[in-house]
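Thank you for making time for this today. I would like to walk through the side-chain packing and a few backbone details of one model, and I will put the sequence and structure up before I begin.

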Amino acid sequence: METLENSREMLKFQEIKEKGKENIKNCKLFILDIDGTFYLSGRLFDGSKKFLEALEKLGKKLVFLTNNSNRTIDSYIDEFSKMGIKLTRDQIVTAGVATAEYLYEEFGPKKVYIVGTEDIKYEFSRLGHSVVEEDPEVVVVTFDKTLTYEKVKKATQFISKGALFVVTNPDLNCPSSEGPLPDAGAIASLIRKASGAYPNIIFGKPEPKLLEMVIRHNNVSKEETCMVGDRLYTDILAGIQAGTWTVLVLTGEATVEQVQKSPIKPHLIARDIGVLADILLGEI
């Protein structure tokens, strides 16, 4: 496996039968993770724009799907715009917003206490929920960079009194240029142990509902869809559970060695999405 790093003839870290490669080339929709896949801490990877250009040239659809649950859709659109990339609202799906939509569809408007930023509180309010500080019906734990002991304490006490325990995504950490940051899964673990209660609902990847929603909204089949990401246990597992094709890039968390040891196997491994663009364009 060590020779993969230096072998362009082996398609730069790709391990896939030709039939599988052709199926990925024929996909109509590419669902792309953001952090660790398209950029890291807001800095684009080499080849990220080439990938977008390849999809546009080939007439394929693109949706960014992130487990990052602490931001609004508009903040992502603004960020991408500053990079020279224009996206529509339906091209960005976040675990936080999708959780708010799911809860509304399943249970209607609820009183919700959110362990999260003001941005995600805004999204829950926008989608019809009442964001409260006392007596909630639901406690939602997100990736919260403004986390305080007071928030953890209140969430623990509300859950202990019977509030529904919801986690937007299971990630233990979020990749950044500084190193891993504690994510929603890590925060929820603390609250779980303090409250003695397990989450009632965990949304986000690898939950297949998220991908199924994106696939349905884009009017394609799962066989015409490819999930691209940097994590085996979220991105790749989500694609496998939803029945899509999967591509693992090595610009984030996962390594070739981890793939060898893991039961979760992507259909394709690529150094970065620029390499995937080369494949789609038939350049390698």
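Arg71 lies over the face of Tyr76, at 3.8 Å from the ring centre. Please keep in mind, for that value and for every one that follows, that we are looking at a predicted model.

From that charge over a ring I move to rings against rings. A search of the whole structure finds 7 aromatic pairs. A pair of aromatic rings is described by the distance of the centres and the angle of the planes. For Phe38 and Phe64 the centres are 5.0 Å apart and the planes stand at 70°, and since an angle over 60 degrees counts as edge-to-face, that is how this pair is classed. The two rings bring together distant parts of the chain, with Phe38 in the loop between strand 1 and strand 2 (39-40) and Phe64 in strand 4, 26 residues apart. Phe38 has a relative accessibility of 0% and therefore counts as buried, and Phe64, with a relative accessibility of 0%, likewise counts as buried.

The second pair I want to show is formed by Tyr102 and Phe203, which lie 5.1 Å centre to centre with 35° between the planes, a tilted arrangement. This pair, too, links distant parts of the chain, because Tyr102 sits in helix 4 (residues 95-107) while Phe203 sits in the loop between strand 12 (201-202) and helix 8 (208-217), 101 residues apart. Tyr102 counts as buried at 18% relative accessibility, the cut-off being under 20%, and Phe203 counts as buried at 4%. Returning to the phenylalanines, ring pairs join Phe38, Tyr39, Phe64 and Phe80 into a cluster.

That cluster leads into the nonpolar cores. The largest of them has 36 residues, and those with the most contacts inside it are Phe30, Phe38, Phe51, Phe64, Phe80, Val228 and Leu276. Among the elements that give two or more residues to this core are strand 1 (29-32), helix 2 (48-58), strand 4 (61-66), helix 3 (73-82), strand 13 (225-229) and helix 11 (273-280). Which helix gives the most to this core? Helix 11 does, with 6 residues. To see the packing around one member, take Val228, which, leaving aside residues up to four places away in sequence, touches Phe30, Ile31, Leu32, Asp33, Thr37, Val247, Val249, Ile273 and Leu276. Apart from the largest core lies another core, of 27 residues, which includes Tyr102, Val138, Leu211 and Ala242.

Next, the cysteines. How many disulfides does a search of the whole structure find? The search finds 0. For Cys27 the closest cysteine sulfur is that of Cys226, at 5.1 Å, and since a disulfide needs the two sulfur atoms within 2.5 Å, this is too far for a bond. Cys27 is buried, with a relative accessible area of 0%, and Cys226, also at 0% relative accessibility, counts as buried as well.

Helix 9 (residues 232-242) deserves a separate look, as its buried residues are Leu232, Thr234, Asp235, Ile236, Ala238, Gly239 and Ala242. These buried residues pack against helix 8, strand 13, strand 14 and helix 10 (256-261). Just after helix 9, Gly243 takes a positive phi of about 85°.

That brings me, last, to the backbone. Most residues other than glycine have a negative phi, and most peptide bonds are trans. Against that background, the peptide bond from Lys205 to Pro206 is cis, with omega near 15°, and Pro206 is found in the loop between strand 12 and helix 8. Asp135, although not a glycine, has a positive phi of about 50°; Asp135 is placed in the loop between strand 7 (130-131) and strand 8 (138-141), and with a relative accessible area of 59% it is exposed. Asn219 is not a glycine either, yet has a positive phi of about 55°. Is Asn219, in the loop between helix 8 and strand 13, buried or exposed? At 70% relative accessibility, Asn219 counts as exposed.

Technical notes:
Residues numbered from 1 in each chain as written. Predicted model: local features only at pLDDT ≥ 70, side-chain atom pairs only at ≥ 80, totals over all residues. Heavy atoms only, no water. Core = buried A, V, L, I, M, F, W, Y, C linked by side-chain atoms within 4.5 Å. Buried < 20%, exposed > 50% of the residue type's maximum accessible area, 1.4 Å probe, protein only. Helix = DSSP H or I, 4+ residues; strand = E, 2+ residues; numbered from the N terminus. Contact = heavy atoms within 4.5 Å. Phe/Tyr/Trp six-rings, centres within 6.5 Å; stacked < 30°, edge-to-face > 60°. Lys NZ or Arg CZ within 6 Å of the ring centre and 35° of its normal.
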